[in-house]
Amino acid sequence: MALHRDIFWVGRQWAVTGFGIQAVDQRLRGVLDIEIARLWDDDLIQNRRTRPGVNAQDFDKAVTVARGRYPQEPPAAPIIAQPDVLDAAPAASPFVPAMKLRAEGRLARFLPQWRIRR
């Protein structure tokens, strides 16, 4: 995967981009890249850091810069259903006819074709 067009920091082996943390070496094809959503996953960071051939100092600097650039968002509040709103379902309009599918059990290639004319 090519480096994202927005590059904020470039080290010897790693770069902080609009995608997250990406390896500068393009022969890896994005295998070691870390996207922004997974930037705060410590298990993933540790897994990438211990891979053979990874420059640990450069990787740690990239993680520090990326975490400073993309701060961790607080977890979203749970959605609570409101029973009084759920009971008020919209009524079907008497002016709109119900659509009926008449193609059940028939092959599509034998159905008549239709087009909208302007």
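The exercises below, each with a worked solution, concern a predicted model.

**Exercise 1. The sheet**

Find the order of the four strands in the open sheet and say which are the edge strands.

Solution. Begin with the order, which is 1-2-3-4, with antiparallel pairing. Strands of a sheet pair through backbone hydrogen bonds, either parallel or antiparallel. Next, look for strands that pair on one side only: these are strand 1 (7-10) and strand 4 (34-35), the edge strands. Then take strand 1 together with strand 2 (residues 14-17): three bridges join them, and they run antiparallel. Within this pair of strands, Ile7 stands opposite Thr17 in strand 2. Finally, find what packs on the sheet. Helix 2 (residues 56-69) does, touching strand 1, strand 2, strand 3 (20-23) and strand 4. The direction of helix 2 makes about 5 degrees with that of strand 2.

**Exercise 2. Aromatic pairs**

Classify the ring pairs Phe8 with Tyr70 and Trp14 with Phe59.

Solution. The count comes to two aromatic pairs. A pair of aromatic rings is described by the distance of the centres and the angle of the planes.

Step 1. The ring centres of Phe8 and Tyr70 lie 6.4 Å apart, and the planes stand at 75 degrees. The cut-off for edge-to-face is over 60 degrees, so this pair is edge-to-face. The two residues are 62 residues apart: Phe8 is in strand 1, and Tyr70 is in the loop between helix 2 and helix 3 (83-87). Phe8 is partly exposed, at 36% relative accessible area, whereas Tyr70 is buried, at 17%.

Step 2. For Trp14 and Phe59 the centres are 5.0 Å apart and the planes are at 65 degrees, so this pair is edge-to-face. Because Trp14 is in strand 2 and Phe59 in helix 2, the pair ties together parts 45 residues apart in sequence. Trp14 is buried, with a relative accessible area of 1%, and Phe59 is buried at 0%.

Step 3. Return to Phe8 and look at the face of its ring. Arg69 lies over this face, at 3.6 Å from the ring centre.

**Exercise 3. Salt bridges**

List the three salt bridges and decide whether Asp42 counts as buried or exposed.

Solution. Take the salt bridges one by one.

- Arg38 and Asp41 meet through their side chains at 3.6 Å, N to O. Both ends are partly exposed: Arg38 has a relative accessible area of 39%, and Asp41 has 28%.
- Asp42 and Arg67 meet at 3.0 Å, N to O. Asp42 lies in helix 1 (residues 42-49) and Arg67 in helix 2, so this pair ties together parts 25 residues apart in sequence. The relative accessibility of Asp42 is 51%; the cut-off for exposed is over 50%, so Asp42 counts as exposed.
- Asp60 and Arg49 meet at 2.8 Å, N to O. Asp60 is in helix 2 and Arg49 in helix 1, eleven residues apart. Asp60 is partly exposed at 29%, and Arg49 is partly exposed at 31%.

**Exercise 4. The surroundings of Glu35**

Leaving aside neighbours within four places in sequence, which residues are in contact with Glu35?

Solution. First place the residue: Glu35 is in strand 4. Its relative accessible area is 36%, so Glu35 is partly exposed. With the neighbours within four places in sequence set aside, Glu35 is in contact with Phe19 and Gly20. As a last step, compare positions with Thr17. Glu35 and Thr17 are 18 residues apart along the chain, and their C-alpha atoms are separated by 9.4 Å.

Terms used
Residues numbered from 1 in each chain as written. Predicted model: local features only at pLDDT ≥ 70, side-chain atom pairs only at ≥ 80, totals over all residues. Heavy atoms only, no water. Pairing = 2+ DSSP bridges. Contact = heavy atoms within 4.5 Å. Axes fitted to C-alpha atoms, helices over the stretch in contact; angles between N-to-C directions. Phe/Tyr/Trp six-rings, centres within 6.5 Å; stacked < 30°, edge-to-face > 60°. Buried < 20%, exposed > 50% of the residue type's maximum accessible area, 1.4 Å probe, protein only. Lys NZ or Arg CZ within 6 Å of the ring centre and 35° of its normal. Salt bridge = Lys/Arg side-chain N within 4 Å of Asp/Glu carboxyl O.
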